[in-house]
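Open the model in your viewer, keep the sequence panel visible beside it, and follow the stops below in order. At each stop you will be told what to select and what is to be found there.

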Amino acid sequence: MKTADRTGIRNEAPAVVPSRRAGRVLVRIGPRVAIPVRRSSLVAAVLSVLLLLGAGVATLTMGRLGIDPADLPSALMGEATGKNAFVLNRLRGPRLVVAIATGAALGLAGALFQSVTRNPLGSPDVIGLSAGSGAGAAAAALFLPDVVPVSVGALVGAVAAMGLVYVSTGTGFRNPGRLVVAGIGVAAMSTALTQYVVYAVERDKASALTAYINGSLSARSWDDATVIWTVLLVCLPFAALLARPLTIGEMGDDLSTGLGVRPDRTATAAVVLSIVLSAGAVSVAGPIAFISLTAPQIAKRVTRSGGPQLVMSTLLGALLLVLADLAAQQLPLFDDLPVGLYTMAVGGAYLGYLLMREWKRTV
């Protein structure tokens with residue numbers, strides 16, 4: 001709505017206004033765009049952002065090397081010196097920024113993949129992307145040491161694994177069932193190669209490689225942050241364009257076709273976008289497990305609504321990874337474990353919870 005003051009100049013309405021439909025609000029973007037959003041989804045998104053900000057502040061301030069909370073505002077404004085400058089610009093700042101974008105990319109990738117496969121336990125990990133990236137990293141460390149960086153090897157391995165899956169299905173990425181079966185086979189072969197390399201290389205190199213293939217955010221740089229944020233920002237508009245076709249597609253192929261949506265094209269586009277997001281995350285942090293699986297499921301339960309929940313999955317993916325990395329840095333029982341081990345533990349526990357919940361429903 002628009003109102004006029006005494007001068008006759010029209011003023012814009014608030015950015016969020018009540019909707020006619022119960023339980024919804026209109027989020028306005030400019031004068032011509034108004035998006036209906038469930039009130040529960042809006043509240044959940046705001047809370048997720050606040051929690052993410054809190055986790056980010058904790059990451060920068062906790063521990064012996066943390067920035068004093070009183071100095072944090074000035075440090076963020078570019079006035080950091082001495083220890084604060086080192087922590088913000090070298091030690092924890094890049095790590096935090098990489099964690100946010102990597103978690104967001106993985107959460108969004110998982111939401112896209114689960115929507116097109118209609119499988120709540122599906123994620124890019126299932127089709128061999130993480131295992132392929134681990135094999136690529138292992139092969140680079142064994143066969144091309146000091147020639148090809150491990151991160152580049154991981155990216156090449158992920159792309160090669162997805163190419164093999166694409167060829168193996170016979171239908172590209174259009175058939176979710178064949179996609180999962182082919183992905184399991186590729187993942188098994190990739191894991192075998194990774195384990196052989198870990199066994200074959202020297203002990204010191206094997207320790208470093210094991211940390212990477214489990215997913216690690218240690219020693220991240222601003223270059224890493226630039227890579228993953230570029231991938232995320234390029235993919236976000238395409239994900240927004242897919243939101244409506246994915247929502248309609250979850251009603252079934254026949255109905256979505258009748259409404260003008262091409263299920264095969266939507267599935268292919270969503271899987272490709274999911275792979276690009278996951279490959280970008282792998283290139284900077286290694287194959288971090290379970291974020292893609294758990295973030296979309298938590299998003300659906302928090303908002304209590306259907307559809308792909310792309311925005312909430314993105315926010316929750318970022319929040320989960322930042323919290324996991326905070327635990328990796330600050331828990332006193334373990335010394336700098338890879339963040340992927342924490343996400344495995346939490347994701348495995350959550351998966352067990354889901355399985356138990358489904359089992360109780362059937363008895």
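Begin by selecting V43, V46, L47, V49, L50 and L53, which together make a nonpolar surface patch of about 530 Å². A patch of this kind is built from residues with over 30% relative accessible area and no salt bridge, with nonpolar side chains (Val, Leu, Ile, Met, Phe, Trp, Tyr) joined within 5 Å and like charges joined within 9 Å. The areas come from the Shrake-Rupley method with a 1.4 Å probe, and for residues only the protein chains shown count as cover.

Before going further, note that this is a predicted model, in which local features need pLDDT of at least 70 and side-chain atom pairs count only at pLDDT 80 or more, while totals for chains, interfaces and linings use all residues. Residues are numbered from 1 along each chain as its sequence is written, and side-chain values use heavy atoms, with hydrogens and water left out.

Stay with the patch and pick out L50, which sits in helix α1 (residues 39-61); helices here are DSSP runs (H or I, at least four residues), numbered from the N terminus. Is L50 buried or exposed? Its relative accessible area is 52%, so L50 is exposed, given that buried means under 20%, exposed over 50%, and partly exposed in between (1.4 Å probe, protein chains only).

**Two helices side by side**

Next, select helix α4 (residues 93-117) together with helix α9 (residues 222-249), which pack at an angle of about 25° with their axes 9 Å apart. That angle makes α4 roughly parallel to α9, since angles under 35 degrees count as roughly parallel, over 145 as roughly antiparallel, 65 to 115 as roughly perpendicular, and the rest as oblique. The axes are lines fitted to C-alpha atoms, for helices over the stretch in contact, and the angles run from 0 to 180 degrees between N-to-C directions. The crossing in which α4 passes α9 is left-handed; this word applies if the near helix is turned anticlockwise from the far one by less than a right angle, and right-handed applies if it is turned clockwise.

While α9 is still highlighted, find T230, which belongs to this helix and counts as partly exposed at 43% relative accessibility. Add G280 to the selection: the C-alpha atoms of T230 and G280 are separated by 9.1 Å, although the two residues are 50 residues apart along the chain.

**The salt bridge**

How many salt bridges does the structure hold? There is one, a salt bridge being a side-chain nitrogen of Lys or Arg within 4 Å of a carboxyl oxygen of Asp or Glu. Show the side chains of R95 and D325, which meet in this contact at 2.8 Å, N to O. Because R95 lies in helix α4 and D325 in helix α13 (residues 310-330), the pair ties together parts that are 230 residues apart in sequence. Side chains of opposite charge can pair when their charged atoms come close. R95 counts as buried at 9% relative accessibility, and D325 also counts as buried, at 2%.

**Oblique crossings**

Now move to helix α5 (residues 129-143) and helix α6 (residues 150-169), which pack at an angle of about 135° with their axes 6 Å apart. That makes α5 oblique to α6, and their crossing is right-handed. Keep α6 selected and add helix α7 (residues 176-200): the axes of α6 and α7 come within 9 Å and cross at roughly 135°. These two helices are therefore oblique to each other, and α6 passes α7 in a right-handed crossing.

**Positive phi in two loops**

Most residues other than glycine have a negative phi, and most peptide bonds are trans. With that in mind, select F290 in the loop between α11 (263-285) and α12 (291-303), where phi is positive, at about 75°, although F290 is not a glycine. F290 counts as partly exposed at 22% relative accessibility. Then go to Q309, in the loop between α12 and α13, whose phi is near 55°, again a positive value in a residue other than glycine. Q309 is buried, with a relative accessible area of 13%.

**A last stop**

Finish at G340 in helix α14 (residues 339-362), which is buried with a relative accessible area of 0%. Select P287 as well, and you will have two residues 53 residues apart along the chain whose C-alpha atoms are separated by 7.6 Å.
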